[in-house]
Amino acid sequence: ADSDAEAIILAELRRVAPDIPIVSEEAAAAGHIPDVGHAFFLVDPLDGTKEFINKNGEFTVNIALIEGRLPVAGVVYAPAKERMFFGHGKGHAFEEMIAACSKGSGEGPSRSISARKPADDGLVVIASRTHRDTKTDEYLNLYKVKEFLAAGSSLKFCVIAAGEADLYPRHGRTMEWDTAAGHAILAAAGGSVTQLDGTPLIYGKTERGLDNPFFVARGRLN
């Protein structure tokens, strides 16, 4: 499934943007990582392998455009959940109504989404369904948490972008293609993704093999 989806996605990206390099999970695993400059695509054709195998529907397709080491546009599609999110720039974040689109009729209607400010009575925290650890629990002790949600793959970023949760801390290892698309959507919706010390989470980190430091995704701060 990974390889088949990647072949389709890479062929289409090369057709519409032949001059932009592409970094994709399966190709990178095989040792094929192009030189990345100011702009490049990050592709994860199947994010949430455990969710896919377990058939809980919480797997996604992630495609992001990086410019100047930051994600400036992204799309996250959860086919089994019939949810697709996309965003670019600031204030341009949307969810397409897949279920409202009749089969074969093309694009469905879209609604604008926006991250929210946390409520005074506490945070709604979302974390990994399969990768939650004690460091995450220790981090959450710093906050007033009123509800905990679990989800797989990059859906966590999108749930915050849609105003359905407030915080997603991640203390485990992730790769750039796991986070870039969701990061772009959340930023477009008014939220943020930073390292734990508050510095920006950047991309194109070839010096460390394209993996990410620990990070936290948040909704609006004010």
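This passage describes a pocket, the helix that contributes to its lining, and several individual residues in a predicted model.

The second largest pocket encloses about 230 Å³ of space. Its lining is made up of 13 residues, and those lying nearest the pocket centre are Leu70, Pro71, Lys90, His183 and Ala187. Strand S4 (70-78), helix H6 (176-188) and strand S11 (192-195) are the elements that give two or more residues to this lining. When the lining residues are sorted by class, seven are nonpolar, five are polar and one is charged.

Helix H6, one of the elements that line the second largest pocket, comprises 13 residues and spans 18 Å from its first C-alpha to its last, which is close to the 18 Å expected at 1.5 Å a residue. Of the 13 residues of H6, 13 are buried, so the helix is largely enclosed by the rest of the structure. Because buried status is assigned under 20% relative accessible area, each of these 13 residues of H6 falls below that cut-off. Just after H6, glycine 190 adopts a positive phi of about 100°.

Positive phi angles also occur at two residues that are not glycines, namely arginine 69, with a value of about 75°, and leucine 210, with a value of about 70°. Arginine 69 is located in the loop between strand S3 (60-67) and S4, whereas leucine 210 is placed in the loop between S11 and strand S12 (215-218). Both S4 and S11 are among the elements that give two or more residues to the lining of the second largest pocket. As to solvent exposure, arginine 69 counts as partly exposed because its relative accessibility is 35%, a value that lies between the 20% and 50% cut-offs. Leucine 210, by contrast, has a relative accessible area of 3% and is therefore buried.

Turning to the N-terminal helix, valine 16 is found in helix H1, which covers residues 2-16. Valine 16 counts as exposed because its relative accessibility is 54%, the cut-off for this class being over 50%. In sequence, valine 16 is separated from threonine 136 by 120 residues, and in space the two residues are 40 Å apart, as taken from C-alpha to C-alpha.

How values were computed
Residues are numbered from 1 along each chain as its sequence is written. This is a predicted model: local features need pLDDT of at least 70, side-chain atom pairs count only at pLDDT 80 or more; totals for chains, interfaces and linings use all residues. Side-chain values use heavy atoms; hydrogens and water are left out. Helices (H or I, at least four residues) and strands (E, at least two) are DSSP runs, numbered from the N terminus. Buried means under 20% relative accessible area, exposed over 50%, partly exposed in between (1.4 Å probe, protein chains only). On a 1 Å grid over the protein atoms alone, a cavity is a set of points where a 1.4 Å probe fits but cannot get out, and a pocket is an open set with protein on both sides within 12 Å along at least five of seven lines; lining residues have an atom within 4 Å of a point. Grid points are joined across faces, edges and corners, and a volume is the space filled by probe spheres set on the points. Ala, Val, Leu, Ile, Met, Phe, Trp, Tyr, Cys and Pro count as nonpolar, Asp, Glu, Lys and Arg as charged, and the others, Gly among them, as polar. The expected span of a helix is 1.5 Å times one less than its number of residues.
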